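Please examine the model shown below together with its sequence. The questions that follow treat its sheets, helices and selected residues in turn.

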Amino acid sequence: MDELHEECGVFGICAAAKTDVARTVYYGLFALQHRGQESCGIAVSDAGHFRIHKALGTVGKVFTPDVLASVGEGDMAVGHVRYGTTGNSGSENAQPIMVSHIAGNMATVHNGNLVNAASLRRELELGGSIFHTTSDTEIISYIITRERIKCDSTEEAVVRSMDALEGAYALILMFDDKLIAVRDKNGFRPLCYGKNRHGDYVVASESCALSAVDAEFVRDILPGEVVAFDKGGVRSIRSQCGKAPEAMCIFEYIYFARPDSVIDGCSVHRARRRAGHFLAQDYPVDADVVVGVPDSGIDAALGYAEASGIPYGLGFIKNKYIGRTFISPGQSSRENSVKIKLNAVTDTVAGKRVVLVDDSIVRGTTCARIISLVREVGATEIHVRITAPPFLNPCYYGVDIDSRDALIASHHSVEEIRKIIGADSLGYLRRERLPELTGADGRHGYCQACFDGIYKTRVSDELKRDVFEKE
Ligand code: SF4
């Protein structure tokens with residue numbers, strides 16, 4: 001595996017009146033599909049009666065017209081697309097996670113990763129909880145349920161639970177009478193809300209999903225904030241705001257998020273273009289054309305071209321129809337597999353000195369294959385520019401980098417990597433450029449731990465994706 005995977009996407013709606021909320025969530029999840037393709041699900045509340053459907057596969061595959069109709073109308077709904085970072089890819093870990101208890105029902109969707117999942121689960125199991133999944137989202141559900149039984153309101157239960165939860169969590173919780181959005185106090189993962197012309201409130205991981213359902217962006221949920229939506233309107237509880245350093249994942253801007261999203265005040269597209277500007281300033285080169293590796297290299301390639309004056313060219317065509325069911329040709333013919341997914345445009349690169357812009361190098365194998373594709377069609381020089389610094393450390397906040405062993409930069413110098421991938425020159429975004437990516441538009445305080453090793457919470461090496469499978 002030589003690509004990083006998005007973690008998850010969450011979406012929710014609190015409607016002003018009973019309507020086809022499942023369909024709205026379906027469109028919202030389509031817009032968030034890039035954040036996870038392993039499984040998806042939608043839960044609907046119809047005046048407190050919950051219906052749910054979740055399964056392995058993408059939104060279009062799981063939600064056929066009949067299935068969508070069976071989930072049906074209601075006044076609230078939540079949905080999820082998953083790439084698991086705690087727990088396996090099986091259907092038992094698909095979300096929403098439903099809990100019914102003495103004080104009502106709750107459906108939970110989660111993007112992120114708890115860093116204290118193992119100790120919380122141990123404590124809950126010793127107290128008699130029985131787990132049906134191996135994901136940390138079920139732990140969150142049980143912690144909130146435990147508090148809900150002890151206190152008077154759902155808001156109070158959520159606020160009290162936040163004291164126990166450590167790490168990355170952007171949550172949408174659907175209760176019998178309200179929807180609650182929560183962002184951890186560091187704000188690792190994005191979460192925002194908007195409103196449509198019918199007065200329905202919509203919450204989503206990224207603003208592109210609000211646009212997809214014709215909702216107007218209102219604002220981001222703040223790090224540490226709890227926002228409740230119900231028939232009475234919107235209420236904010238800022239119980240943990242400002243109680244921890246802000247640590248929005250900088251890699252959301254570089255790679256995960258859709259370029260048409262605006263996160264914490266900064267356009268993802270603009271941040272990527274800035275990365276291209278910085279690479280052009282820090283690693284100038286004489287070349288004939290700048291090309292970007294789809295999808296996230298394109299915006300930065302445009303930025304490199306702007307800042308360098310070298311023309312931008314369409315370097316690759318990506319086959320958009322390859323899904324998770326694609327049968328790989330196998331280890332012996334991996335080059336073929338890359339060619340099926342990505343093809344170089346001969347007219348753009350043949351006989352030219354090419355600046356090739358990509359978002360990251362994980363193991364280095366995919367980058368090497370892309371370079372050989374471009375050489376095969378006649379590029380005379382290939383100068384690789386990477387819009388992230390070298391990956392040196394694992395991520396504990398919801399991205400599947402769980403071992404240094406898999407990271408080429410943790411074992412090799414930049415010059416060694418250049419030789420391994422077969423480039424004529426190689427330049428990574430300088431680490432000190434990271435906070436500048438969002439310019440004055442963004443919030444201040446980012447996580448960049450996979451690059452600099454500075455984690456904003458305590459972490460532990462027991463935080464592997466399969467931690468609960470082993471048990
Ligand atoms: Fe994002 Fe890296 Fe921090 Fe993980 S460690 S949250 S990928 S910046």
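Q: Which residue in β6 stands opposite Ile97?
A: This is a predicted model, in which local features need pLDDT of at least 70, side-chain atom pairs count only at pLDDT 80 or more, and totals for chains, interfaces and linings use all residues. Residues are numbered from 1 along each chain as its sequence is written, and side-chain values use heavy atoms, with hydrogens and water left out. β5 and strand β6 (residues 104-114) run antiparallel and are joined by five bridges; strands (E, at least two residues) and helices (H or I, at least four) are DSSP runs numbered from the N terminus. Opposite Ile97, in β6, stands Thr108.

Q: Which are the edge strands of the open sheet that has the order β5-β6-β7-β8-β12-β13?
A: This open sheet is formed by six strands, and its pairing is antiparallel. Two strands count as paired if DSSP finds at least two bridges between them. Two strands of the sheet pair on one side only, namely β5 (97-101) and β13 (233-237).

Q: By what angle are neighbouring strands of this sheet turned against each other on average?
A: Angles run from 0 to 180 degrees between N-to-C directions of axes, which are lines fitted to C-alpha atoms, for helices over the stretch in contact. For neighbouring strands of this sheet the direction is ignored, and the average turn is 20°.

Q: Which strands does helix α6 touch?
A: Helix α5 (residues 136-150) lies across β5, β6 and β7 (167-175), at about 135° to β6. Helix α6 (residues 154-162) packs on the sheet as well, and its direction makes about 20° with that of β8. With contact taken as heavy atoms within 4.5 Å, the strands that α6 touches are β7, β8 (179-183), β12 (226-230) and β13.

Q: Which strands lie at the edge of the open sheet formed by seven strands?
A: The order of this sheet is β3-β2-β4-β1-β10-β9-β11, with antiparallel pairing. Each edge strand pairs on one side only, and the edge strands are β3 (49-56) and β11 (216-220).

Q: What angle does the direction of helix α1 make with that of β4?
A: Neighbouring strands of the seven-stranded sheet are turned by 15° against each other on average, direction ignored. Helix α1 (residues 21-31) packs on this sheet and touches β1 (8-19), β2 (39-46) and β4 (74-82). The direction of α1 makes with that of β4 an angle of about 25°.

Q: Which residue in β10 is the bridge partner of Gly194?
A: Strand β9 (residues 192-195) pairs with strand β10 (residues 201-204) in the antiparallel sense, over four bridges. Within this pairing Tyr193 stands opposite Val203. The bridge partner of Gly194 is Val202.

Q: Which residue in β10 stands opposite Cys14?
A: β1 and β10 pair in the antiparallel sense over four bridges. From β10, Tyr201 and Val203 point one way, while Val202 and Ala204 point the other way. All four are buried, which means under 20% relative accessible area, whereas exposed means over 50% and partly exposed lies in between (1.4 Å probe, protein chains only). The residue opposite Cys14 is Tyr201.

Q: Why does Gly199 count as partly exposed?
A: Gly199 lies in the loop between β9 and β10, a hairpin with five residues between the strands, and takes a positive phi near 90°. Its C-alpha is 5.8 Å from that of Ala16, although the two are 183 residues apart in sequence. Gly199 counts as partly exposed because its relative accessibility is 23%.

Q: How many disulfides does a search of the whole structure find?
A: A disulfide is here a pair of cysteine sulfur atoms within 2.5 Å. The search over the whole structure gives a count of zero.

Q: Which cysteine has the sulfur nearest to that of Cys192?
A: Cys192 is buried, because its relative accessibility is 2%. Its sulfur is in no disulfide, and at 8.5 Å the nearest cysteine sulfur is that of Cys208.

Q: With which side chain does that of Asp264 make a polar contact?
A: Asp264 lies in the loop between β15 and β16, and it counts as buried because its relative accessibility is 4%. A polar contact is a pair of N or O atoms within 3.5 Å; within protein, one must be able to donate a hydrogen and the other to accept it, and residues adjacent in sequence count only if both atoms are side-chain atoms. At 2.9 Å, the partner of the Asp264 side chain is that of Arg183.
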